[in-house]
Amino acid sequence: MNLGIKDRVALVAASSQGIGKATAEAFAAEGCRVAMCARNPQTLQSAADRIREQYNVEVLAEPFDVTDAAAVTRFVAAVAAQFGSVDICVTNAGGPPAKGFLAASLEDWQRALAANFLSTVYFAREVIPHMQKKKWGRIITITSITTKQPVADLVLSNAVRAAVVGLVKSLANEFGKDGILVNNVGPGFTATDRLKELARAGAASSGKSEQEFFDRWAADTPLKRLGEPRELAETIVWLASQRASYITGQTVLVDGGMYKGL
Ligand code: NAD
């Protein structure tokens, strides 16, 4: 299938590892020019170098924290200056810590809001005017299965991600007339460092082994296995493509069927 996005400019936030990195790679594989960011300069640079070499596409990588609104503004301006525009923007950040409600501090709430909600606001404000000029754009947020089904001890994610869905639907309504499609992708349990972090937290608070957590997550899923970052990435790239031209305002779960609702 020709996805029709060769030479498009795809910005992928928080993309030095895990789902973000797999997504940057998948856009490069389609011949997009890619803009990447993350906090750690070394990990980011090595991910960017590998993608540039493997796919022979232009890659711009800048280290910064997506909770820094001014840094997001500077980055989007730099991407537009180098590549001429921003056609596709995938928002992403590390997940909040696994905690129950009373264990979560006010600082935890503020950090979760900044990383997992406000960062999407920052990117959307900067990229939409570029997309409006071209009457074409895609914004895709990476959130979680928690947008449909709360997960125990992830109260920060359960609460804050819902705001992203409200934003996605609002942006889809407001900017559809400009050819901008806005969708949300919710990973289920996916084999990345984030999942190791959740297994470690679960093991520490329950006395069970980390392996028991991985096994239980896989068993909870109709497909009886964890997801691979590539499976999220390919869904995101398809949503950004010409082939998904009548889909906006939606949440797509890539969760191996784990969501129990209809
Ligand atoms: P990960 O921890 O493997 O990777 C996170 C990436 O984000 C890294 O590149 C890291 O450097 C970067 N990052 C983190 N905070 C940042 C910040 N403030 N500014 C800039 N970069 C930052 O995580 P992942 O598994 O790829 O998850 C991506 C998102 O999907 C997270 O929000 C996570 O909570 C969510 N999610 C993951 C799973 C899963 O099972 N892996 C399930 C549901 C939701």
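Reader: Which backbone atom of Thr190 lies 2.7 Å from the ligand, and from what kind of ligand atom?

Author: Happy to start there, with the reminder that this is a predicted model. A backbone N or O atom of Thr190 lies 2.7 Å from an oxygen atom of the ligand. Polar contacts are pairs of N or O atoms within 3.5 Å, so a pair at that distance counts as one.

Reader: What makes Ser16 and Arg39 polar partners of the ligand?

Author: For Ser16, an N or O atom of the side chain is 2.8 Å from a ligand oxygen. For Arg39, a polar side-chain atom lies 3.3 Å from a nitrogen atom of the ligand. Both distances are within the 3.5 Å limit, so both pairs qualify. As for cover, the ligand on its own has 840 Å² of accessible area, and the protein covers 93% of that.

Reader: Where does the ligand sit, and how do you know that?

Author: The ligand sits in the largest pocket. That wording requires more than half of its atoms to lie within 2 Å of the pocket's grid points. Helix 1 (18–29) and helix 6 (193–206) are the elements that give two or more residues to the shell around the ligand. Helix 6 provides the largest share, three residues.

Reader: How many residues surround the ligand, and which are the closest?

Author: There are 26, and the closest are Ser16, Ile19, Ala93, Thr190 and Thr192.

Reader: Why is Thr143 called buried or exposed?

Author: Its relative accessible area is 5%, and buried means under 20%, so Thr143 is buried. Thr143 belongs to the loop between strand 5 (137–142) and helix 5 (155–175). Beyond four places in sequence, Thr143 touches Arg161, Val164, Asn184, Val185, Gly186 and Pro187.

Reader: What makes the pairing of Thr143 and Asn184 a polar contact?

Author: Their side chains are joined at 2.7 Å. The cut-off is 3.5 Å, and one atom must be able to donate a hydrogen while the other accepts it.

Reader: Why does Asp87 count as buried?

Author: Asp87 has 1% relative accessibility, and the limit for buried is under 20%, so the label follows. The residue lies in the loop between helix 3 (69–83) and strand 4 (88–91).

Reader: Which residues is Asp87 in contact with, and which backbone nitrogen lies 2.8 Å from its side chain?

Author: Leaving aside neighbours within four places in sequence, the contacts of Asp87 are Arg8, Val9, Met131, Lys134, Trp136, Gly137 and Arg138. The backbone nitrogen is that of Val9, 2.8 Å from a polar atom of the Asp87 side chain.

Note on methods: Residues numbered from 1 in each chain as written. Predicted model: local features only at pLDDT ≥ 70, side-chain atom pairs only at ≥ 80, totals over all residues. Heavy atoms only, no water. Helix = DSSP H or I, 4+ residues; strand = E, 2+ residues; numbered from the N terminus. Buried < 20%, exposed > 50% of the residue type's maximum accessible area, 1.4 Å probe, protein only. Contact = heavy atoms within 4.5 Å. Near = heavy atom within 4 Å. Areas by Shrake-Rupley, 256 points an atom, 1.4 Å probe, with all protein chains shown as cover. 1 Å grid on protein atoms, 1.4 Å probe; cavity = no way out; pocket = protein on both sides within 12 Å on 5 of 7 lines; lining within 4 Å.
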